[in-house]
Amino acid sequence: VSYRKVGNICKKQGGEKNLKKAREMYEKSLEILEELVDKEGRSESLWDLGVSYMKVGDICLLQGGEKNLKKAREMYERNLEIAEERVDTERNSESLRNLGISYNRVGIFWEKQGGKENLKKAREMYEKSLEIVESLAEKEKSITAYDDLIVCLYGVAMHSFTSDDTRKQYKHVFKSIAELLYQKTGNPRYQKFIEIAATILR
C-alpha cells in the first residue's frame, strides 16, 4: 500500500518522468499483492490486488503507445475478473460498487481506442456500470453512490452512440445530482460538474 501511495503522488505530479516512477511503484505493489493472494487468498488482499491492476492500467493508458495500451487492457481485464469474482462470492454494496467502477474503466479504455467496434464495446461497459451504480444510488442515497452515478451518467450521455433524447435526459439528471451534491458538501468538484452540465445543456 505504501508503494501505491507513492505512486499516487507521482501520478498527480504528472510529466513523463513522474508517470514512469508512478508505474514503477504500482508494479512493485502489484508484485507484492500477487504473492500475498497466492499465499493467503484473503478477500482484503484480493480487493487490493484489483486496485493495483487498475492503477497500473491507468498509468499505461496515460503513457500511450501500442505496447502500453496492450498492457492497460490486460490490467483492466484482470481487475474486472476480480471484481466479478467478488460479486459472485460476496454480493454486497462494496463489491458491487467495485464492479461498477471496473466496467467504467474498461469502457474508458475502449472509448479511447476509437473506431465503431471499440465504441460499441465502450457503450456496453458504460451501460453495465450505470445499471449497477443507479441501483446502489437508489438504495443507499449516499454521497459516494451519487458521485459514482454522475461519473457513469456523463460517460453514457457523452457517448457518440447515445440517442439525442437519451443524452438530453441523462444530462439533466447529471446536473440535478451535481447540484444536490454541491448543496450537501460544498465541494468545488461538484461546482465544476454543474458548470460542465450547464455547458453541455446549451
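Which helices each supply at least two residues of the lining of the second largest pocket? I put this at the top of the page and worked outwards from it. The model is predicted, and I read every entry below with that in mind.

**Entry 1. The second largest pocket**

The answer to my opening question is H3 and H5. I looked up the volume of this second pocket and found about 290 Å³ of space. I then listed its lining: Lys-11, Asp-58, Leu-61, Leu-62, Tyr-76, Arg-105, Ile-108, Lys-112 and Arg-189. Sorted by class, I have five charged residues, four nonpolar ones and no polar ones. I marked Tyr-76 in this list, as the name returns under the aromatic pairs.

**Entry 2. The largest pocket**

I turned next to the largest pocket, with a volume of about 370 Å³. Its lining comprises 23 residues, and those closest to the centre are Met-54, Arg-97, Asn-98, Ile-101 and Arg-105. I noted the elements that give two or more residues to this lining: helix H3 (43-63), helix H4 (66-89), helix H5 (93-113), helix H6 (116-140) and helix H7 (143-157). Which of them gives the most? H5 does, with eight residues. By class I have eleven nonpolar, seven polar and five charged residues in the lining. I also noted that Arg-105 is listed in the lining of the second largest pocket and is among the residues closest to the centre of the largest one.

**Entry 3. Aromatic pairs**

I searched the whole structure for aromatic pairs and have five. For each pair I looked up, I wrote down two values: a pair of aromatic rings is described by the distance of the centres and the angle of the planes.

Tyr-76 and Phe-109 make an edge-to-face pair, at 6.4 Å centre to centre and with 65° between the planes. This pair links distant parts of the chain, as Tyr-76 is in helix H4 and Phe-109 in helix H5, 33 residues apart. Are these two residues buried or exposed? Both Tyr-76 and Phe-109 are buried.

Phe-109 also pairs with Trp-110, again edge-to-face, at 5.1 Å centre to centre and with 75° between the planes. I checked the accessibility of each partner. Phe-109 has a relative accessible area of 5%, so I entered this residue as buried. Trp-110 has 10% and is therefore buried too. Which residue lies over the face of Trp-110? I found Lys-121 there, at 4.2 Å from the ring centre.

Elsewhere, I found Tyr-154, Phe-174, Tyr-190 and Phe-193 linked into a cluster by ring pairs.

**Entry 4. Ser-52 and Tyr-53 in H3**

I looked up Ser-52, which is in helix H3. Its relative accessibility is 1%, so Ser-52 counts as buried. What does Ser-52 touch, leaving aside its neighbours within four places in sequence? The contacts are Arg-4, Ser-29, Leu-30 and Leu-33. I also took the C-alpha to C-alpha distance from Ser-52 to Asn-79, which is 8.2 Å for two residues 27 apart in sequence.

Tyr-53 is in helix H3 as well. The relative accessible area of Tyr-53 is 7%, which means that this residue is buried. With neighbours within four places in sequence left out, Tyr-53 is in contact with Leu-30, Glu-34, Met-75, Arg-78, Asn-79 and Ile-82. For the last of these I looked up the C-alpha separation: Tyr-53 and Ile-82 are 29 residues apart along the chain and 9.7 Å apart in space. Leu-30 is in the contact list of Ser-52 and in that of Tyr-53.

**Entry 5. Ser-95 in H5**

Ser-95 is in helix H5. I have 1% relative accessibility for Ser-95, so it is entered as buried. Not counting residues up to four places away in sequence, Ser-95 touches Arg-86, Val-87 and Glu-90.

**Entry 6. Lys-141**

Last, I checked backbone angles. Most residues other than glycine have a negative phi. Lys-141 has a positive one, near 55°. Where is this residue found? Lys-141 is in the loop between H6 and H7. Its relative accessibility is 54%, so I entered Lys-141 as exposed, the cut-off being over 50%.

Technical notes:
Residues numbered from 1 in each chain as written. Predicted model: local features only at pLDDT ≥ 70, side-chain atom pairs only at ≥ 80, totals over all residues. Heavy atoms only, no water. 1 Å grid on protein atoms, 1.4 Å probe; cavity = no way out; pocket = protein on both sides within 12 Å on 5 of 7 lines; lining within 4 Å. Points joined across faces, edges and corners; volume = space filled by probe spheres on them. Helix = DSSP H or I, 4+ residues; strand = E, 2+ residues; numbered from the N terminus. Nonpolar A, V, L, I, M, F, W, Y, C, P; charged D, E, K, R; others polar. Phe/Tyr/Trp six-rings, centres within 6.5 Å; stacked < 30°, edge-to-face > 60°. Buried < 20%, exposed > 50% of the residue type's maximum accessible area, 1.4 Å probe, protein only. Lys NZ or Arg CZ within 6 Å of the ring centre and 35° of its normal. Contact = heavy atoms within 4.5 Å.
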